[in-house]
Amino acid sequence: MRYGTVLLILTLITASLDLEASKEIRPQFTQDTIEIDGHLNEEDWAQAQVINDFTQQFPDEGRPSTERTEVRMLYSMEKLYIGFECYDSEPEKVVANEMRRDGRLWQNDNVYVMLDTYGDKRQCVFFRTNALGALSDTAVTDGGENLNGSWDCIWEAAGRRHDKGWTVEIAIPFNQLRFKKGDSMVWGVNFGRNIARKNETTQWIPVPRSESWPGTYHPIYQGKLTGLQGIASPSYFNVKPYLLGGLARNLSDEAWQRTTERDLGLDMKYGVTSNLTLDLTLNTDFAQVEADQEEVNLTRFSLFFPERREFFLEGSGLFAFGAGIGDFGPPPLSVFYSRRIGIENDKQVRLLGGGKLTGKVGSYSVGALNMTTDASSESPLMNFSVLRMQRDILSDSTVGFILTNRQSDLGEYHRNGGVDLFFRPHDQWRMRAMGVGSWSPYPDERDFAWYLSNDWRNDSFRVNASYLDIGPQFTSEMGFMRRRDIRSLMLDADYEIQVRRYGVQEADATFTGSYLLDHDNRLIGWDLGIGGGMILEGSDDGFDLDFKRFFDRVEEPFSVGDVEIPAGDYQMNQVSLTTFTETSRPFSLFGQMDYGDYFHGDRVSLSIQSQWRMTYQFAIETRYQRNWINLPETDLFTTNVVGTRISYALNTRFFTKLYAQWNDSAERASANFLLNYIYRPGSDFYFVFDQAWNAAEGNLQDREWTVLSKFTYLFSL
């Protein structure tokens, strides 16, 4: 009897898995013109297949969604159409207050569609929208481990609220997607809906709760999209010239210099095949890119800033290679860091041009990039090249290599080459391995680095263990590396439990630890940390409390502002309290306070971030960080960083933004105003005003300002 019961359970589980794997949607072909207006009133929508069996991931995993959701799909020769009908028992409580492109739509009621156009469960594109029709898109690679939220696709969406909920219409041109064309294509697809006031997440193909929100981007959780026939090939040729003009004024050697800005440039995109895309750029300009967020560096290591430039963002996930790639925060080692191109000593260097080839050929993912920067006072004429390739193995694993080369017109070069493996034997188990070497004309820049990582998780528990070895002479001139000559063993564990009583929704406990040696087997650092947190029932309000003890060996003195930290061995303790409120509210708050040792002194740090959506068009975000540092040899000194971003969206195609910052430790203040009008899909008008001041001793003195207008126009051939 006992064996019969076990056999019955296994049979039911297998049947359930087969049912999920066999879920299928077949879009209806349409020859009608589908107007993207949020009304599913064309006749073909009524004839399309309806799917409505959505399952909760949170809060009640496995149960049906509390609100009914219906999804329909149509397609024409040129576009794929998706229609969402989101019924709601309390439609007046639907949260819709974000209109910005790539805004924080996850804080609203929203829906999404995931498309695995190769059907290989390794890479996909992800489209999210809300009841206002705001657009957010993400390119996903490496089985969902690498997310590129700055990738932009040309697509349309429109939302409409009504007395039974809300409706969304989406249109995605096929020439914006990459796929292997065939007579009978099978794509992977998943749909999801988030209900903000209930903190409820649901999907058509359920994503395990243990995967949390990153799991929604994992293409292994997919049904089948079939029946696409005769669709337009994504092989195409786009030309996007830009015209820029403006004025600039800067203070140099106590004299003001005024210049007139005039420039022309060109971006081209060619679909070599349905799988491969070639991007070319001449005289590349990034005038519309927002300034980096100001930071105070209280360590002796370099800060990591994310890439924001459009040319480098598309396909960037394919070029990811290193240790800790895909984790939150800066990686300890990244072999290709695109900000090394066109930025020298924090100053922009002119990009003369270059090209990039990305895509997939059979089971191989291919990426090649070549860029040339102009000579400047900071560096000679420089060429940068990268070759990246990955091969699919087994059902959900890859093996690959990377080659990078940074070479000047003076003949000097620096190169990296390495291999990596991503192995996923089970949905809950991930393993990574990487080995890379460095070469240059100088013997003291030739060495190796390698990395192993093992990550396992279930519904409540997650543990990650990793080992990183970076040789004493290893260098990566095209990458990012915090430090070399280390052997680092790291352990990270997290346990989460559903409480649902005493006003607590869930609680978690964490443990972190690391142990660092150099290659002479000398101890240079370690840390141990424990912590825990709670999220309150009925909301996303909560707090975390963490304790950390760590040891750091400082080999050489370094400076923080005007203060010098002497060499020596330091054992330190720190306690951190973090509080946060539900982000779907019109006003939300995040705060953190740290107290503890700072080398041979002590430090108190306060960080506050707020977001106030006054209307669905107007929002104010503020950020304030203050450090009080007390060292024996000096008086108490403080650092302050203040940032404010004010944004207004007239609609989903017209945005304005003012971003102002002040960093007293760097004696710098700045303001950036951007107006962006998307007058047709893929074509933009920008108006930019930048102002910078020297902020010594609390006095603001003009340093430079720039006024620019930029006009782009997309020609599709």
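# Exercises on loops, contacts and strands

D485 is partly exposed, with 25% of relative accessible area, on a scale where buried stands for under 20%, exposed for over 50% and partly exposed for the range in between (1.4 Å probe, protein chains only). The model is predicted, so that local features need pLDDT of at least 70 and side-chain atom pairs count only at pLDDT 80 or more, while totals for chains, interfaces and linings use all residues. Residues are numbered from 1 along each chain as its sequence is written, and side-chain values use heavy atoms, with hydrogens and water left out.

## Exercise 1. Backbone geometry in loops

Task: describe the backbone and the setting of D485 and of E667, and then find the cis peptide bond that involves P59.

Solution.

Step 1. Begin with D485, which sits in the loop between β30 (480–481) and β31 (486–501); strands, numbered from the N terminus, are DSSP runs of E with at least two residues. The phi angle of D485 is near 55°, a positive value in a residue other than glycine.

Step 2. Turn to E667, whose place is in the loop between β42 (654–663) and β43 (668–680). E667 is not a glycine, and yet its phi is positive, at about 50°. With a relative accessible area of 42%, E667 counts as partly exposed.

Step 3. For the peptide bond, look at P59 in the loop between β3 and β4, where the bond that joins F58 and P59 is cis, with omega at about 5°.

## Exercise 2. The surroundings of two buried residues

Task: place E67 and N148 in the model, and work out which residues surround E67 and N148.

Solution.

Step 1. E67 belongs to the loop between β3 (55–58) and β4 (69–75), and its relative accessibility of 7% is why E67 counts as buried.

Step 2. If neighbours within four places in sequence are set aside, the contacts of E67 (heavy atoms within 4.5 Å) are Y87, D88, S89, R193, I195, R197, K198 and E200. With K198 the link is also a polar contact, side chain to side chain, at 2.8 Å; the term stands for a pair of N or O atoms within 3.5 Å, of which, within protein, one must be able to donate a hydrogen and the other to accept it, and residues adjacent in sequence count only if both atoms are side-chain atoms.

Step 3. N148 lies in strand β9 (residues 146–148), and its relative accessibility of 7% makes N148 a buried residue.

Step 4. Under the exclusion of neighbours within four places in sequence, N148 is in contact with D137, T138, A139, L313, E314, G315 and S316, and the side chains of N148 and S316 are joined by a polar contact of 3.1 Å.

Step 5. As a check on scale, consider N148 and R522, which are 374 residues apart in sequence, with 39 Å between their C-alpha atoms.

## Exercise 3. A sheet of 3 strands

Task: give the strand order of the open sheet that contains β19, and name its edge strands.

Solution.

Step 1. The order of the 3 strands is β18-β19-β30, and the pairing is antiparallel, where two strands pair if DSSP finds at least two bridges between them.

Step 2. The edge strands are β18 (322–323) and β30, each of which pairs on one side only.

Step 3. Between β18 and strand β19 (residues 333–334) the antiparallel pairing runs over 2 bridges, and G322 has S334 in β19 as its bridge partner.

## Exercise 4. The two partners and two faces of β40

Task: determine how β40 is connected to β39 and to β41, and then sort its residues by face.

Solution.

Step 1. Strand β39 (residues 601–613) pairs with β40 in the antiparallel sense over 12 bridges, and a hairpin of 4 residues connects β39 to β40. Within this pair, L606 stands opposite R626 in β40.

Step 2. To strand β41 (residues 637–651), which runs antiparallel to β40, there are 12 bridges, and the hairpin that joins β40 to β41 passes through 6 residues. Here the bridge partner of A619 is S647 in β41.

Step 3. In a regular strand the side chains alternate between the two faces of the sheet. In strand β40 (residues 618–630), A619, E621, R623, Q625, N627 and I629 make up the covered face, whereas F618, I620, T622, Y624, R626, W628 and N630 make up the uncovered one. A619, the partner of S647, is therefore on the list for the covered face, and R626, opposite L606, is on the list for the uncovered face.
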